Amino acid sequence: MMFLNTSGLTVMLCCWLSIAGAQVGIVSNSVPESVFCGRARPISLTFQNTGSESFDGQIRARIWQTSSATAASTDESAWKRLQVLPGQTVLESAQLNFPPVNAETLFLVQWIADSNRFLGATSVLVYPTNLFQTLQTSLDRNNLGVFDPGNQLEPLLKEEGISFTDLGAMKLDDFSGRLAIIGPFQSKAQVPRGIEDSIKAMARRNVAVVWVQPPEPPGRADRVGWERKKFEPSFYCVQKKQTAVVVAQPDLLANLAGNPQSQIALIYFCHLALDPQPMTLPGASSEDALAQGLLPTLPQ
């Protein structure tokens with residue numbers, strides 16, 4: 001395994017970039033990619049040829065695991081032969097292997113052509129595959145209820161050994177645990193009638209609820225601007241007693257199985273429902289928000 005001071009790595013990257021010239025390079029990602037550790041994790045790439053000649057070369061990936069002081073090379077492998085015409089931009093996806101990690105860890109992937117021509121780098125945040133364990137530590141056995149008609153969440157919880165009650169096998173109003181996750185839904189057709197009344201009933205019993213909204217039908221989802229019936233926040237918190245109902249839009253929880261950011265968002269919503277924090281104006285305190293009526297409440 002090779003080690004390199006991170007400041008030295010930065011200098012080397014800049015030097016390689018200048019050597020590569022204005023031919024083919026990687027368009028740097030402003031926001032790091034997010035993947036789970038393990039094999040064959042997908043990474044999106046954008047190649048751009050700003051030169052006047054075609055590029056045709058064998059590309060390989062060199063993966064560095066970074067820390068505050070050092071970077072360690074963890075893997076280097078051939079990827080594919082790539083052709084890019086002059087002035088062309090090519091979108092690609094690579095399958096890479098990342099070692100196990102215990103927490104969010106930053107990796108840097110160098111893309112190298114032929115013998116040693118540096119094309120650019122991709123930053124990647126790698127996460128452990130047991131993120132939902134934080135829910136288990138916050139809840140006692142049978143205190144988590146899940147209504148998951150699309151079977152997107154339950155397999156992930158079972159894989160991590162998280163205990164939960166299947167709310168699809170009982171009447172929602174009868175659940176008396178501490179936290180209920182309603183959704184995700186694949187369509188509005190999966191949403192039971194009267195679900196809002198059931199969620200209000202749970203909230204009155206001080207059950208914390210995360211309510212994932214179903215996606216809009218394609219016709220409406222494609223409309224933008226003033227053509228939409230109303231503008232909605234990506235999520236909002238409605239407090240009731242000591243807990244709350246967190247209402248989340250489906251885009252925030254897309255691809256739960258493969259997207260760490262979606263799992264992190266769901267975990268955050270769960271903690272927010274269990275321990276709600278009122279929304280405030282910038283610089284305002286929670287007491288100010290309550291006094292000004294800025295904290296929404298469920299209808300009685």
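**Figure 1. The residues around the largest cavity.** In this predicted model, the largest cavity is lined by L135, Q136, L139, D140, L144, I162 and S163. Sorted by chemical character, the lining of this largest cavity consists of four nonpolar residues, two polar residues and one charged residue. The volume of the largest cavity is about 30 Å³, and a search of the whole structure finds one cavity of 30 Å³ or more.

**Figure 2. Helix α4 and what covers it.** Helix α4, which spans residues 195–204, is mostly covered, with seven of its ten residues buried. The buried residues are I195, S198, I199, K200, A201, M202 and A203, and what covers them includes the strands β12 (179–182), β13 (208–212), β14 (235–240) and β15 (243–248). Just after α4, the residue N206 takes a positive phi of about 70°.

**Figure 3. A salt bridge within helix α4.** K200 forms a salt bridge with E196, and the closest N and O atoms of this pair are 3.5 Å apart. Both K200 and E196 lie in α4, where four residues, or about one turn of the helix, separate them. Is K200 buried or exposed? K200 counts as buried because its relative accessibility is 16%, and the cut-off for a buried residue is under 20%. Its partner E196, at 41% relative accessibility, counts as partly exposed.

**Figure 4. A salt bridge between strands β6 and β7.** K80 forms a salt bridge with E92, with 3.2 Å between the closest N and O atoms. Since K80 lies in strand β6 and E92 in strand β7 (residues 89–98), the pair ties together parts that are twelve residues apart in sequence. With a relative accessibility of 28%, K80 counts as partly exposed, whereas E92, with a relative accessibility of 19%, counts as buried.

**Figure 5. A salt bridge between strands β5 and β6, and a network of such bridges.** R81 forms a salt bridge with D56, and here the closest N and O atoms are 2.9 Å apart. This pair links distant parts of the chain, for R81 belongs to strand β6 (residues 70–84) and D56 to strand β5 (residues 55–66), with their positions 25 residues apart in the sequence. D56 counts as partly exposed, because its relative accessibility is 38%. Separately, R60, R62 and E76 are linked in a network of salt bridges. How many salt bridges does the structure hold? The structure holds six salt bridges.

**Figure 6. Strand β3 and its neighbour β9.** In a regular strand the side chains alternate between the two faces of the sheet. In strand β3 (residues 33–36), E33 and V35 point one way while S34 and F36 point the other way, and all of these residues are buried. Strand β3 is joined by four bridges to strand β9 (residues 117–127), and the two strands run parallel. Which residue of β9 is the bridge partner of F36? The bridge partner of F36 in β9 is Y127.

Conventions: Residues numbered from 1 in each chain as written. Predicted model: local features only at pLDDT ≥ 70, side-chain atom pairs only at ≥ 80, totals over all residues. Heavy atoms only, no water. Salt bridge = Lys/Arg side-chain N within 4 Å of Asp/Glu carboxyl O. Buried < 20%, exposed > 50% of the residue type's maximum accessible area, 1.4 Å probe, protein only. Pairing = 2+ DSSP bridges. 1 Å grid on protein atoms, 1.4 Å probe; cavity = no way out; pocket = protein on both sides within 12 Å on 5 of 7 lines; lining within 4 Å. Points joined across faces, edges and corners; volume = space filled by probe spheres on them. Nonpolar A, V, L, I, M, F, W, Y, C, P; charged D, E, K, R; others polar. Contact = heavy atoms within 4.5 Å.
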